[in-house]
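Trainee: Could you take me through this model one question at a time, with the reasoning spelled out?

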Amino acid sequence: MLFENDNNYLNLLFNVGQSDNYNSFNNTGAIASDEEGFLRGNMFDDEYVPYKNLTYIKPKIKSEKERDLFKIMEVYFAINDYNLFLDVHPENTNILNKYRACTEKYRKLTKEYEEKYGPLSIDEGNYKTFKWIESPWPWEKEDSKYV
């Protein structure tokens, strides 16, 4: 048997993390920047607990296109993290305002990106025709090896 009695198991089960900073979120409102939150995987300073003193590595961005896409990813992560927080704390107007600001920033960044480089996904574009393959199709040609 792993535990001598059920009380030891229950103490372990219900006291997990109390000595650590695991349950120490006190809602002070300290929020990381979009970049910092994205890189570490958490927007809230009070909830972030680094794993074994490990740190994250900033990616090496090589082009303007990568930089623009990275900014979109940062803002999208912030939107998701704020959304999760609001699921648990729906009365927090500070986070709701940050969520709204991030969604507006996301719309602006994606619009700028799509104007420069094209759509981010297939449902974002305003397609009337597809020009992926020229007509006629390969099997429609008379000298085609596919017929």
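**From one residue to the whole fold**

Trainee: Where is the place of R40?

Mentor: This is a predicted model, in which local features need pLDDT of at least 70 and side-chain atom pairs count only at pLDDT 80 or more, while totals for chains, interfaces and linings use all residues. Residues are numbered from 1 along each chain as its sequence is written, and side-chain values use heavy atoms, with hydrogens and water left out. Helices are DSSP runs of H or I with at least four residues, strands are E runs with at least two, and both are numbered from the N terminus. On that basis, R40 sits in helix 2.

Trainee: Does R40 count as buried or exposed?

Mentor: Buried means under 20% relative accessible area, exposed means over 50%, and partly exposed lies in between (1.4 Å probe, protein chains only). R40 has 16% relative accessibility, so it counts as buried.

Trainee: Which residues does R40 touch, not counting those up to four places away in sequence?

Mentor: A contact means heavy atoms within 4.5 Å. With residues up to four places away set aside, the partners of R40 are A32, D45, Y48 and Y56.

Trainee: N42 is in the loop between helix 2 and helix 3; what is its relative accessible area?

Mentor: Neighbours within four places aside, N42 is in contact with A32, G37, E47, Y48, F77 and D81. N42 is buried because its relative accessible area is 13%.

Trainee: K52 and N53 are in that loop too; why does K52 count as exposed?

Mentor: Let's start with the backbone. Most residues other than glycine have a negative phi. K52 is not a glycine, yet has a positive phi of about 50°, and N53, also not a glycine, has one of about 60°. As for the surface, N53 counts as exposed at 75% relative accessibility, and K52 does so because its relative accessibility is 63%.

Trainee: How many residues does helix 3 give to the largest nonpolar core?

Mentor: A nonpolar core is a set of buried Ala, Val, Leu, Ile, Met, Phe, Trp, Tyr and Cys residues joined through side-chain atoms within 4.5 Å. The largest one has 13 residues, and those with the most contacts inside it are M43, F44, V75, A78, Y82, I95 and C102. Helix 3 and helix 4 are the elements that give two or more residues to this core. Helix 3 gives the most, with 7 residues.

Trainee: What distance separates the end C-alpha atoms of helix 3?

Mentor: The expected span of a helix is 1.5 Å times one less than its number of residues. Helix 3 has 25 residues, so it should span 36 Å, and this agrees with its end C-alpha atoms being apart by 37 Å.

Trainee: Which elements are included in the cover of the buried residues of helix 3?

Mentor: Those buried residues are D68, F70, I72, E74, V75, A78, I79, D81, Y82, F85 and L86. Their cover includes helix 2 and helix 4.

Trainee: And what do the buried residues of helix 4 pack against?

Mentor: In helix 4, the buried residues are I95, C102, T103, L109, T110 and Y113. They pack against helix 2 and helix 3.

Trainee: K98 is in helix 4 as well; how far is it from A78 in space, C-alpha to C-alpha?

Mentor: K98 is partly exposed, since its relative accessible area is 32%. Not counting residues up to four places away in sequence, K98 touches I31 and Y82. K98 and A78 are 20 residues apart in sequence, and their C-alpha distance is 9.0 Å.

Trainee: What pattern does the protein follow along its sequence?

Mentor: The protein has 147 residues, of which 20% count as buried. It has 4 helices and 0 strands. Read along the sequence, its pattern is α-α-α-α.
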